[in-house]
Amino acid sequence: MVFLVGVIGGCQARKIKVACVGNSVTYGYLIENRSRDAYPSQLQRMLGEEYEVVNFGHSGATLLRHGHRPYNTLPEYDAALKYAADVVVIHLGLNDTDPRDWPNYRDEFLGDYLSLIGDFRAANPQSRIFICRLTPIFHAHPRFKSGTRDWFWMIQAEIEKVADVANVELIDLHTPLYSRPDLFPDALHPNAEGAGILAKTVCQSLTGDFGGLQLSPMYSDNMVLQRERELLISGQADRGEEVTVTFAREKHQTVADDYGRWSVTLAPMKADGKSHTLKIATRRRALTFRNVAVGEVWLCSGQSNMAFRVNESVESEQVAERDYAARSPQIRLYNMKPCRATNNEKWSREVLDSVNALHYFRPSRWETVNPENAAEFSAIAFAFGRTLADSLKVPVGLVLNAVGGSCTESWIDRKTMEFEFSDLLMNWSANDFVQEWARGRADLNTALRSNALQRHPYHTCYLYEAGILPVKDYTFSGVIWYQGESNAHNIETHEKLFPLLVKSWRKTFGEQLPFYYVQLSSLNRPSWCWFRDSQRRMMGEIPHCGMAVSSDLGNRDNVHPTQKMAVGERLARWALVRDFGWGCLPSGPLCRMAERTGKYAFVSFDCGEQMRSADGEALRTFEVAGKEGIFYPARAEVDGNRVKVWADEVDTPCRVRYGWQPYTTANLINRDGLPASTFQCEVE
């Protein structure tokens, strides 16, 4: 790839002419001071006096020549050809999503685009031509669900094909703005700030200047790299810049592509207990990261019960007494703390602006564990990591990005939600799919907003964009997750959202990503027994998932029970059994089926070895129902590997349930003292 000056033969006597060809986004529709703030005008200021940038945008223009307003019939087309630019930047296709256009003439799109490119090549055979991936069309667009959403992505794919066939350069105007709906007042046209992002993106593509060598903030001293996996080390540099990566005995060289992206793949390494150095360098900059460990890396996410700190837990004094932190040098922490908690308060304008810019998490660095940072870290995540480190004798890196009160839909990527559950994107603050408490808290936090499209961490997709995209290129062994309190009002919605969450993250981090989650605890909220059973059933429907039961550690009146370390240890059991082949039980008893013998129901369990009551008393909270469906308290006793359940009021048991109280005193455990899950099942 050559730089622009090479394209025009090194001529410095005249300005380099840039033609911005396009529709209303190029024109600057809805931008108050279009002549100053439309993207071509901002591009002019970025490129400087050596360039002359002219705006040839026309609102409503289509690429399709049989479309409702073909660009090649407009005066801007003739003027752009006459201009004979040295550089042509074409952004067309948005208006072709109109039902008058794409459904009828989609077969002509490729040919029409090639013809347009040919016209500009004929006008100046030496011109350098760029075509652009479309800027986003967001869910509030009036035709979004009726076709625009689907046709938009078809056109995106066709544009990439055009670039390949025509051998022209492709500028991605979509990705930089896809997570910024706050910059699109009508869901289609970016405002001046959005136009600035477009201008910067085009400027980088024209000049090849992407700011030099840059890496994700996930790279720092003391980091942990995932063992026994091929490791993708990636970042950004200027176009064509050679990048050298040195780690352990490996040395790799690569070159940054047209988008400034580069990556190398390191061979799998075992956890050797050594302190390594990772060096990444270009001719102009070198970055060195020291005390790098190879071990296990886990992402720890969810809402406030995952964020709940060690120093808030009832076990905090025990941790201090046993000095776990000082004795756990194998553990490394990466704590993504929110810039502002979602407390019962109004946020300042400064915070609101940071939230819109996706700067919700404070900058962080990897740290070796010590008593101070362990005290501020998630109690569940710390206990999970400590258990893995003690059991596997390898370093464990824990990345924490949990946000109190956050909703499941906040953590799912935008494209998944657009196609799988777009209703949750619409009119969020009055959307009945969203828990009323979450909507109210978000409205309070954003009460001082000046932007009608102000965002909040609870909004659909927000935390994926602010908290998952920044870590997407890091390699994780798996995920631990504790969330659901903010979705427990609508179990059926959560049953759709939770599989989408897992699917979304596996699309991001790898299809085999283990996903271990905490079942909601005991609390005096009516829907929670139903929700816990729903979580149990989903474990059987989603591959490579595991669920830690926590109902025995709940608090009747507090959504934040303080016994947390045991929960982390229970999550670690799933990882040890599923991922590392340990022979312990991963869980307490999990209902498999129930069979009828006379008036008795015999319930069989997975992980039900040597079942007994936790307190030596009779088994509690079992209930049975006959064919009429009315449940009666039942007696229950362990019978070999099953539990026999019966009630005098029921001659023919048809259903059996256990722990079916929002706050439950259920007491069935297995040989390892692990509690049985809430369940309801039919009797066969």
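This is a short walk through a few helices, the nonpolar cores and one loop residue in the structure above. Before I start, keep in mind that we're looking at a predicted model.

Okay, let's begin with helix H20, which covers residues 565-580. That's 16 residues, and from first C-alpha to last the helix reaches 21 Å, close to the expected 22 Å. Quite a few of its residues are buried: Met-565, Val-567, Gly-568, Arg-570, Leu-571, Ala-572, Trp-574, Ala-575 and Leu-576. Right after H20 comes Gly-581, and its phi is positive, near 75°.

So what does H20 meet? One partner is helix H14, residues 379-392, and the two axes come within 7 Å. They cross at roughly 45°, which means H14 and H20 count as oblique to each other. The crossing is right-handed. On the H14 side, the residues involved include Phe-382, Phe-384, Arg-386 and Leu-388. On the H20 side you'll find, among them, Met-565, Leu-571, Ala-575 and Phe-580. If you go back to the buried residues of H20, Met-565, Leu-571 and Ala-575 are in that list too.

Now a second helix pair, H18 and H19. H18 runs over residues 491-509 and H19 over 528-539. Their axes come within 10 Å and cross at roughly 30°. Under 35 degrees counts as roughly parallel, so that's what we call H18 and H19. Here, too, the crossing is right-handed. H18 brings Ile-491, His-494, Glu-495, Phe-498 and Pro-499 to the contact, while H19 brings Trp-530, Phe-531, Ser-534, Arg-537 and Met-538.

Next, the cores. Which residues touch the most other members of the largest nonpolar core? Those are Trp-262, Ile-280 and Trp-505, in a core of 121 residues. Let's zoom in on Trp-505. Setting aside its neighbours within four places in sequence, its contacts include two other tryptophans, Trp-411 and Trp-481, plus Tyr-464 and Phe-515. Ser-301 and Gly-510 are on the contact list as well. There's also a second, separate core of 66 residues, with Ile-129, Leu-134, Val-162 and Val-168 among its members.

Last stop: Ser-422, which sits in the loop between helix H15 (414-420) and helix H16 (436-445). Is this serine buried or exposed? Its relative accessibility is 8%, and the cut-off for buried is under 20%, so Ser-422 counts as buried. Leaving out neighbours within four places in sequence, Ser-422 is in contact with Lys-145, Arg-149 and Met-417.

That's the tour, thanks for listening.

How values were computed:
Residues are numbered from 1 along each chain as its sequence is written. This is a predicted model: local features need pLDDT of at least 70, side-chain atom pairs count only at pLDDT 80 or more; totals for chains, interfaces and linings use all residues. Side-chain values use heavy atoms; hydrogens and water are left out. Helices (H or I, at least four residues) and strands (E, at least two) are DSSP runs, numbered from the N terminus. The expected span of a helix is 1.5 Å times one less than its number of residues. Buried means under 20% relative accessible area, exposed over 50%, partly exposed in between (1.4 Å probe, protein chains only). A nonpolar core is a set of buried Ala, Val, Leu, Ile, Met, Phe, Trp, Tyr and Cys residues joined through side-chain atoms within 4.5 Å. Contact means heavy atoms within 4.5 Å. Axes are lines fitted to C-alpha atoms, for helices over the stretch in contact, and angles run from 0 to 180 degrees between N-to-C directions. Angles under 35 degrees count as roughly parallel, over 145 as roughly antiparallel, 65 to 115 as roughly perpendicular and the rest as oblique. A crossing is left-handed if the near helix is turned anticlockwise from the far one by less than a right angle, and right-handed if clockwise.
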